[in-house]
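The following explanation leads the reader through one protein chain, step by step. Please keep the sequence and the three-dimensional view at hand while reading.

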Amino acid sequence: GSIFILSATSKDFFHASAGLTFMVKDHDTVGRNEILGKVSIPQKELLEGKKAGERVEYELQVMLPNYNAKKAVYPPKLNVRVRPATKEDFKFVKTLFAVKSKKTLGVYADAAFVAPKAHTVNRLKRETKKSDQGPLHRVKPGPDPDREEDLSKWMTDKQIKEEHLKPSTRWIETGSGKLGRLYMEILRCDDLPNLDTGMMGDTTDAFCSIIYEDAIANTDVINDETSPRWMPWSQRAFLFQIQHPSSQILVGVFDYDSMRNDPIGRASIDITNFASNTDYILT
């Protein structure tokens, strides 16, 4: 994980000569982990000023003997967010470890979580069929529960494209902020790599994980799709309670597996300049 709470006495904290130091290492399963570099943050910067509680980018002090900074196109950097922990932080981390021990992926401060919703796959069921309108595809993760099944169980490519852009019908509220609300919908991914066997239609089972401040939420798993579309009735729409206006949204795309989820890619969304009461479609 990348979320930590460090405890220290006042004496130890203020007498530390280098403040808080982060060591970046190259993991080696056989030999010794090699130190790549470090970043040290002074105590004053940790406790006060504009940077306290903000995500800040620090240039890494490289410790490799053969490293030539002049030949580097971009200097290596480390992004961190440090602030004094609150009671809610301790509660969140405690809940996070409890949930991780159960191999669940979603948690937020009030001991609730939004885990990825997986669906059973029947390889004997066909995924496409012919019709007068052209090829029909089985809608995933399933038909709209609020309509007759036949109206949303099978759709053409055009119908799926139109349907997934309609407003979401099920919203999940999460987070503990009181500053405002952030609405987010995960609509689609295109051309994901296949991380499964590829046999009998076994391809990537995609889902998205969203981290915003003290909340982690996950979408439905769309089985066997490298270009998944999340439908309006699926688990795709989240309402986050805002704590700070400059907090970023982190979105990760994963291939779902009952044992271990494989990472596919990630994106960071800076909402600092977003206008209120405005819809943004991001690609």
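Which residues does Val 251 touch, not counting residues up to four places away in sequence? The model examined here is a predicted one. In this model, Val 251 touches Met 184, Ile 186, Cys 208, Ser 209, Ile 210, Gly 265, Arg 266, Ala 267 and Ile 269.

Val 251 also belongs to the largest nonpolar core, which has 22 residues. Together with Met 184, Ile 210, Phe 240 and Ile 249, Val 251 is among the residues that touch the most other members of this core. The elements that give two or more residues to the core are β10 (180-185), β11 (206-212), β12 (215-218), β13 (237-242) and β14 (249-255). The largest share, 4 residues, comes from β11. A second core, separate from this one, has 8 residues, including Val 39, Ile 41, Tyr 58 and Leu 60.

Ile 249, another member of the largest core, lies in strand β14. Its relative accessibility is 4%, and Ile 249 therefore counts as buried. Leaving aside its neighbours within four places in sequence, Ile 249 is in contact with Leu 182, Met 184, Ile 210, Ile 211, Tyr 212, Ala 267, Ser 268, Ile 269 and Ile 271. By contrast, the C-alpha atoms of Ile 249 and Glu 45 are separated by 24 Å, and these two residues are 204 residues apart along the chain.

Strand β13 deserves a closer look. How many of the residues of β13 are buried? The strand is mostly covered, with 6 of its 6 residues buried. Ala 237, Leu 239 and Gln 241 lie on one side, Phe 238, Phe 240 and Ile 242 lie on the other, and both faces are covered. β13 pairs with β9 in the parallel sense over 4 bridges, and with β10 in the antiparallel sense over 6 bridges. Within these pairings, Trp 171 stands opposite Ala 237, while Tyr 183 stands opposite Leu 239.

A second strand offers a contrast. In a regular strand, the side chains alternate between the two faces of the sheet. Strand β5 (residues 77-81) shows such an alternation: Leu 78 and Val 80 point to one face and are buried, whereas Lys 77, Asn 79 and Arg 81 point to the other and are not. Strand β3 (residues 55-59) pairs with β5 in the antiparallel sense over 5 bridges. The bridge partner of Glu 59 in β5 is Lys 77.

The aromatic residues come next. A pair of aromatic rings is described by the distance of the centres and the angle of the planes. A search of the whole structure finds 7 aromatic pairs. One of them is formed by Trp 171 and Tyr 183, which are edge-to-face, at 5.4 Å centre to centre and with 85° between the planes. This pair links distant parts of the chain, as Trp 171 lies in strand β9 (residues 171-174) and Tyr 183 in strand β10, 12 residues apart. Trp 171 counts as partly exposed because its relative accessibility is 37%, and Tyr 183 counts as partly exposed because its relative accessibility is 48%. Phe 274 and Tyr 280 form a stacked pair, at 4.3 Å centre to centre and with 20° between the planes. Phe 274 is partly exposed, with a relative accessible area of 30%, and Tyr 280 is partly exposed, with 36%. In addition, Phe 207, Phe 254 and Tyr 256 form one aromatic cluster.

Which residues lie nearest the centre of the second largest pocket? They are Met 184, Glu 185, Tyr 280, Ile 281 and Leu 282, out of 44 lining residues. About 1500 Å³ of space lies in this pocket. The elements that give two or more residues to its lining are β10, β11, β14 and β15 (262-269), and the largest share, 6 residues, comes from β10.

Strand β15 also contains Pro 263. Is Pro 263 buried or exposed? Pro 263 is exposed, with a relative accessible area of 61%. Not counting residues up to four places away in sequence, Pro 263 touches Leu 195, Val 253 and Phe 254. The C-alpha atoms of Pro 263 and Leu 195 are separated by 9.5 Å, and the two residues are 68 residues apart along the chain.

Key:
Residues numbered from 1 in each chain as written. Predicted model: local features only at pLDDT ≥ 70, side-chain atom pairs only at ≥ 80, totals over all residues. Heavy atoms only, no water. Core = buried A, V, L, I, M, F, W, Y, C linked by side-chain atoms within 4.5 Å. Buried < 20%, exposed > 50% of the residue type's maximum accessible area, 1.4 Å probe, protein only. Contact = heavy atoms within 4.5 Å. Pairing = 2+ DSSP bridges. Phe/Tyr/Trp six-rings, centres within 6.5 Å; stacked < 30°, edge-to-face > 60°. 1 Å grid on protein atoms, 1.4 Å probe; cavity = no way out; pocket = protein on both sides within 12 Å on 5 of 7 lines; lining within 4 Å. Points joined across faces, edges and corners; volume = space filled by probe spheres on them.
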